[in-house]
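Biologist: Got a minute to go through a chain with me? I'd like to start with the fold as a whole and then pick at some residues.

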Amino acid sequence: MTHIETFYDPRTFTLTYVVSDPETRDAVIIDPVLDFDPLTVSVSQTAVDAVMAYVDRERLELRGILETHAHADHLSSAPLLRDRYEAPVAIGRHITDVQEVFRDVFNQSFATDGSQFDVLLEDEQLWAAGSLQVRALHTPGHTPACMSYVIGRAVFTGDALFMPDFGVGRCDFPKGSAEQLYRSITTKLYTLPDDTEVYVGHDYQPGGRPLAYRTTVGEEKTGNVQLPEGRAAADFVRFRTERDAALAPPALLFPAVQVNVNGGQLPEPESNGRRYLKLPVNLFG
């Protein structure tokens, strides 16, 4: 039986999870956050400091950091955790597809072979993180590189599947696909046992309800407001496409993606010792 500790970042609505084996103390961290203030263009460690304090207090042995995808709404603190705990960072192999797109968007020269990450996971790959066994599921649609991770009786779905009263992730990012998301959820996530616990990547608290981040596959199949079991693919794709067309881009889209596709590394300092993030002008114009 694994223990799951949850950390919520209210500024980006992000859930970070620490999954551990109570007997061996082996642990993994899923989707850690690095704080970023767009007004002062500064980073800080409030969110990840809370995670590290927990890891240290519980004397956990961090065996890996798992990214469900290259996030567009927050910066990743994975490099900081890797350096402190000497733990590898893992992400889906198709991160290379995302890197190819955004290298051109930002006109940067970072590698597009995924080498910024330590482990590139394949669909259905089993990865041993100490005594924890991680089953990687490729669940594209929100992005082409999205992964969900099954650990014990739980699945961590990133931005593919949210709480039933909110629905599923948007599909309008480059190489996103509502058709792919439909298949990812109906043929991958909904085929897991109904009592599998689902831990979502974000919770936007619709209607002002309290924070919620855990449900089950069975509850998603019967109650997901956007994709209940049995909804026709064409109906879902039409709905998702129309909804996405009305959504604004995430507030931290450019800084987040620019950093996260490069393994969470901030740009190198330039000749004056300062780091710079780029903003492509009229990208959506």
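What follows is a chat about the overall fold and a handful of residues in this predicted model.

Biologist: How many helices and strands does the protein chain have?

Modeller: Keep in mind that this is a predicted model. The secondary structure of the protein chain comes to 7 helices and 15 strands.

Biologist: What is the radius of gyration, and what does the globule rule give for 285 residues?

Modeller: The globule rule gives 19 Å for 285 residues, and the chain comes close to that, so it is as compact as a globular protein of that length. Along its principal axes, the C-alpha trace spans about 60 × 55 × 35 Å. The radius of gyration itself is 18 Å.

Biologist: What share of the residues is buried, and what share of the contacts links residues 24 or more positions apart?

Modeller: For burial, the cut-off is under 20% relative accessible area, and 54% of the 285 residues count as buried. For the contacts, take those with a separation of 6 or more; the share from residues 24 or more positions apart is 65%.

Biologist: How far apart do the centres of the positive and negative side chains lie?

Modeller: The chain has 25 positive and 40 negative side chains. On the surface side, the accessible area comes to about 12800 Å², with 50% of it belonging to carbon and sulfur atoms. As for the two charge sets, their centres lie 2 Å apart.

Biologist: Now some residues. Which backbone nitrogen does the side chain of threonine 143 reach?

Modeller: Threonine 143 sits in the loop between strand E11 (132-138) and strand E12 (147-151). Despite the loop address, threonine 143 counts as buried because its relative accessibility is 8%. At 3.3 Å, its side chain reaches the backbone nitrogen of cysteine 146.

Biologist: Is histidine 138 buried or exposed?

Modeller: Histidine 138 lies in strand E11. Outside its neighbours within four places in sequence, histidine 138 has contacts that include His94, Asp123, Cys146 and Lys188. Its relative accessible area is 15%, so histidine 138 is buried.

Biologist: Which residue's backbone nitrogen lies 2.8 Å from a polar atom of the asparagine 224 side chain?

Modeller: Asparagine 224 is in the loop between helix H5 (217-223) and helix H6 (233-245), and with a relative accessible area of 2% it is buried. One partner of its side chain is the backbone oxygen of glycine 167, at 3.1 Å. The backbone nitrogen at 2.8 Å belongs to leucine 227.

Biologist: What else is asparagine 224 in contact with, and how far is its C-alpha from that of phenylalanine 239?

Modeller: Setting aside neighbours within four places in sequence, the contacts of asparagine 224 include Leu161, Phe162, Met163 and Tyr190. Phenylalanine 239 is 15 residues away along the chain, and the C-alpha separation is 14 Å.

Biologist: Which side chain joins that of arginine 170 in a polar contact of 2.7 Å?

Modeller: Arginine 170 lies in the loop between strand E13 (154-156) and helix H4 (178-187), and at 14% relative accessibility it counts as buried. Its side chain also reaches the backbone oxygen of alanine 248 at 3.0 Å. Beyond four places in sequence, arginine 170 touches residues including Arg240, Asp244 and Pro249. The side-chain partner at 2.7 Å is aspartate 172.

Biologist: What is the phi of phenylalanine 13, and what is that of glutamate 86?

Modeller: Phenylalanine 13 is in the loop between strand E1 (3-9) and strand E2 (14-20) and, at 31% relative accessibility, counts as partly exposed. Glutamate 86 lies in the loop between helix H2 (78-85) and strand E8 (89-92) and counts as exposed at 74%. Neither is a glycine, yet phi is positive for phenylalanine 13, at about 60°, and for glutamate 86, at about 55°.

Biologist: Last one: how far apart are the C-alpha atoms of valine 155 and valine 134?

Modeller: Valine 155 is in strand E13, and at 1% relative accessibility it counts as buried. Its contacts, leaving out neighbours within four places in sequence, include Tyr149, Leu189, Leu192 and Val198. Valine 134 is 21 residues away along the chain, and the C-alpha separation is 9.7 Å.

Key
Residues numbered from 1 in each chain as written. Predicted model: local features only at pLDDT ≥ 70, side-chain atom pairs only at ≥ 80, totals over all residues. Heavy atoms only, no water. Helix = DSSP H or I, 4+ residues; strand = E, 2+ residues; numbered from the N terminus. Rg over C-alpha atoms; globule rule 2.2 N^0.38 Å. Buried < 20%, exposed > 50% of the residue type's maximum accessible area, 1.4 Å probe, protein only. Contact = heavy atoms within 4.5 Å. Areas by Shrake-Rupley, 256 points an atom, 1.4 Å probe, with all protein chains shown as cover. Lys, Arg positive; Asp, Glu negative; His and termini not counted. Charge placed at Lys NZ, Arg CZ, Asp CG, Glu CD. Polar contact = N/O pair within 3.5 Å; in protein donor to acceptor, adjacent residues only side chain to side chain.
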